[in-house]
Amino acid sequence: MKMNPIQMVDLKSQYLRIKPEIDAAIQHVLDSTAFIQGAPVKEFEESLSQYTGNKYVISCGNGTDALTAALMALEIGPGDEVVTTPFTFIATVEAIALVGAKPVFVDVCEETFTLDVNRLESAITPKTKAIIPVHLYGQCADMEPILNIANQHNIRVIEDACQAIGTEYHFADGSVKQAGTMGTVGCLSFFPSKNLGCFGDGGALMTNDADLAGKLRSICRHGSSERYHHERIGLNSRLDTLQAAILTVKLDHLQEYITARKEAATYYHAALSDLDWLSLPASSPYSTHTYHQFTVRVKNGRRDALKQHLADKGIPSAIYYPVPAHLQPAYASLNHHKGDFPMAEQLCEEVLSLPMHTELTKEQLDYICHTIKNFPL
Ligand SMILES: *Cc1c(COP(=O)(O)O)cnc(C)c1O
């Protein structure tokens, strides 16, 4: 029997596995025609609140809106600075720029690709209003020291947890918290390829602060808590009822999805750890890894050649991200140059994400690993 073609993400097979449940949930929404703010939206928010342990969950249109709404609710705007890393999906930086604040970058650590805590304090100025740590590829940034530094300087922490739903952070006192539940507010994306993905765009905000939750909800609903009365300038950012119904079904499977990803990662680790020209995702002492991506670093300047070698054998791979935020033309006004954030720049040259999803078979993993091992250096 021929092996199924390998994909970066296999949404079709994942859907087919739970097709009856999903189809019934969709049909239910079609029958109700309550396409905006129907009952499944509240139901999903409650399920997510239970899953994450956050008191308040406010669903919204997508992860970028979640970040933007968080900054708006904290009244961050022109004249303010927000610290984040240049090695992230552009949405993190875009949200800061959209509210008129200035993105201030801190380079990332070599091991986890997340914000380098040792460089954080020197980036903080009297204008700093918030830090946005990014839990990249499914691993938490080192939140305990980040939260401590933020507290000392009385600045807020907005977690970009778009890639890390279900990832657990371990504090020194033994307590464990999920990504997106540790800061002032946590942001999630349900883009189809995320670990919990819907069938279009979707996102959510999470907080334990009642006051902030009210503001966030109002902002995502045109700055309104009572229909046609607008207390602030807001956004039109809602999770469609259809997406909420789909997400409620999929949230019940999230733990299985995470397990499947971890199993694929274990397979990669076992098969590839002895290649000295490849560095595999490191496990950190403080965070679990939910493998939104399985991202390796290819040494000796051979990343693009490995990518081509894999493509020649029918194996897709991807570069997240080829250009760091500080060198993107859209942010040229920040006046950064090559060399400003060397770790982020080096990673952009070396990283390669291998196929990672919930439907990878042993046969496919074996073929991928075999092909990598046969890469002529
Ligand atoms: C996906 C993602 C976002 C944005 O989410 P959308 O739902 O696509 O708007 C933001 N930050 C990170 C790190 C992401 O991976």
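Which residues lie on one side of strand 8 and which on the other?

**View 1. Strand 8 and its two faces.** This is a predicted model, where local features need pLDDT of at least 70, side-chain atom pairs count only at pLDDT 80 or more, and totals for chains, interfaces and linings use all residues. Residues are numbered from 1 along each chain as its sequence is written, and side-chain values use heavy atoms, without hydrogens and water. Val185, Cys187 and Ser189 lie on one side of strand 8, with Gly186 and Leu188 on the other. Both faces are covered. Five of the five residues are buried (under 20% relative accessible area, 1.4 Å probe, protein chains only). Strands are DSSP runs (E, at least two residues), and helices are runs of H or I, at least four residues, numbered from the N terminus.

**View 2. The partners of strand 8.** Strand 5 (residues 156-160) runs parallel to strand 8, joined by three bridges. Ile158 stands opposite Val185. Strand 9 (residues 203-207) runs antiparallel to strand 8, with four bridges. Here Leu188 faces Ala204.

**View 3. The lining of the largest pocket.** Domain 1 (11-251) and domain 2 (254-373) both give residues to this lining, so the largest pocket lies between them. The domain bounds come from an automatic or database domain assignment. A pocket is an open set of points on a 1 Å grid over the protein atoms alone, where a 1.4 Å probe fits, with protein on both sides within 12 Å along at least five of seven lines; lining residues have an atom within 4 Å of a point. Helix 4 (63-73) and helix 5 (91-98) each supply at least two lining residues. Helix 4 gives the largest share, three residues.

Terms used: Buried means under 20% relative accessible area, exposed over 50%, partly exposed in between (1.4 Å probe, protein chains only). Two strands pair if DSSP finds at least two bridges between them.
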